[in-house]
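Student: I have a protein model open and would like to learn how to read it. Where do we begin?
Tutor: With the empty spaces, and then the parts around them.

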Amino acid sequence: MSSVDPDGGPGSAHVSSRGVGSSSFGSVGDHATFRWELKRPLTHIAWLPVSNFLVIAVTVGFAFFAVIEWPGGPRGQYVWFYAFTALALLFAGAAALSSDRGGQAGDVVRPGVGARRRTARAVLVGAAMFCCGGGALAWVDVDRTGEVGAEMTVRGAQPVDEKGGILTVEMARPAPGDVRDKLRLTLIVVDDDPRTPTCVGRTTATITSVTSGITPHTEELAAESTVDFHLGGGQGAVRWVVEVRPEKGCSMRLAQAGGTLHNH
């Protein structure tokens, strides 16, 4: 609402408006003054877009952090992180696009429209916050307990002939604070000379843990086998001896010892 004072004399006018909020004063011409007021308190205008901006910033920032500190392992275990991060950005984008700046004129005719629009935006921002937190927790859970590769080292004289031989397999010490207590160990024994008839199907091995507290202690294996070990809560390096027994006339090599730490 505004008014003009006709009795102010030549070159002067008084313009005023009324509403809720803080006022601002200025001058135009010789003696003209004006005053404008916000239609609503600043807090009603600012908290939604500011919150939405923070959600987007935190989600994008954590996504960059997650990529830099990626633990590795199967991609399938990150499905909740992918889903929550995508939903957080989707909800935040929808909240940003549903700005009620274009609906102010309509609010005069339909006063409830603006309130409903702001409520919908608040719900979208809240959903974005929930998904942002869910994505972060999903990534942290994989980082602490998900499947990650373990550094394995094979030592000993190779190839192993028909007399058999003993090799050592060692898992490096896990990172400090790692709570994973199980290891999936895959051993692959191959022919030393791939041009000769294969002996893979006729080669066996026995793996025995040297480090105390590992179960099972001993396991009989085929040339290509996977076995799960419980590490017994140890925090240091873990060592096994592998006795490879090729058949007569065969020469074999332990080509791969792959380890995966997990808590499943």
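Tutor: A cavity is a set of grid points where a 1.4 Å probe fits but cannot get out. Keep in mind that this model is predicted.

Student: How many cavities of 30 Å³ or more does the structure hold?
Tutor: It holds one. The volume of the largest cavity is about 50 Å³.

Student: Which residues line the largest cavity?
Tutor: Look for Val58, Thr59, Phe62, Phe81, Thr85, Cys132, Gly135 and Ala136. Helices α1 (42-68), α2 (79-97) and α4 (111-145) each give two or more residues to this lining.

Student: What classes of residue make up the lining of the largest cavity?
Tutor: Five are nonpolar and three are polar. None is charged.

Student: A pocket is the open kind of space, then. What volume does the second largest pocket have?
Tutor: About 260 Å³. Its lining has 18 residues, and the closest to the centre are Val148, Pro174, Ala175, Asp178 and Arg180. Two elements, α4 and β5, give two or more residues to the lining of this pocket. Strand β5 gives the most, with three.

Student: How do the lining residues of the second largest pocket divide by class?
Tutor: Ten are nonpolar, two are polar and six are charged.

Student: Now the filled parts. How do I read a nonpolar core?
Tutor: Think of buried nonpolar residues joined through their side chains. The largest core here has 29 residues. Met152, Met171, Leu183, Leu187 and Trp240 touch the most other members.

Student: Which elements give two or more residues to this core?
Tutor: They are strands: β5 (148-150), β7 (165-171), β8 (182-191), β9 (204-209), β11 (224-230), β12 (238-245) and β13 (252-262).

Student: Is there another core, and which residues are among its members?
Tutor: Another core, of six residues, lies apart from the largest one. Among its members are Ala66, Tyr78, Phe81 and Val142. You have met Phe81 already, as it also lines the largest cavity.

Student: What does Leu187 touch beyond four places in sequence?
Tutor: Its partners are Val169, Ile207, Leu221, Ala223, Glu224, Ser225, Val242, Leu254, Gln256 and Ala257.

Student: Let me try single residues. Is His262 buried or exposed?
Tutor: Buried means under 20% relative accessible area. His262 has 4%, so it is buried. This residue is found in strand β13. Beyond four places in sequence, the contacts of His262 include Thr145, Glu147, Arg180, Leu183 and Asp228.

Student: Why does Phe91 count as partly exposed?
Tutor: Partly exposed runs between the 20% and 50% cut-offs. Phe91 counts as partly exposed because its relative accessibility is 25%. Phe91 lies in helix α2. Setting aside residues up to four places away, Phe91 touches Leu124, Ala127, Ala128 and Cys131.

Student: What separates the C-alpha atoms of Phe91 and Val55?
Tutor: A distance of 9.9 Å, although the two residues are 36 residues apart along the chain.

Student: Last topic: confidence. What pLDDT does the protein average?
Tutor: pLDDT is the predictor's confidence in each residue, from 0 to 100. The protein averages 81, and 77% of the residues score at least 70.

Student: Where does pLDDT stay under 50?
Tutor: One such stretch is residues 11-29, with 55 contacts in the model beyond four places in sequence. Residues 102-109 are also below 50, and that stretch has five contacts beyond near neighbours in sequence.

Definitions and conventions:
Residues numbered from 1 in each chain as written. Predicted model: local features only at pLDDT ≥ 70, side-chain atom pairs only at ≥ 80, totals over all residues. Heavy atoms only, no water. 1 Å grid on protein atoms, 1.4 Å probe; cavity = no way out; pocket = protein on both sides within 12 Å on 5 of 7 lines; lining within 4 Å. Points joined across faces, edges and corners; volume = space filled by probe spheres on them. Helix = DSSP H or I, 4+ residues; strand = E, 2+ residues; numbered from the N terminus. Nonpolar A, V, L, I, M, F, W, Y, C, P; charged D, E, K, R; others polar. Core = buried A, V, L, I, M, F, W, Y, C linked by side-chain atoms within 4.5 Å. Buried < 20%, exposed > 50% of the residue type's maximum accessible area, 1.4 Å probe, protein only. Contact = heavy atoms within 4.5 Å.
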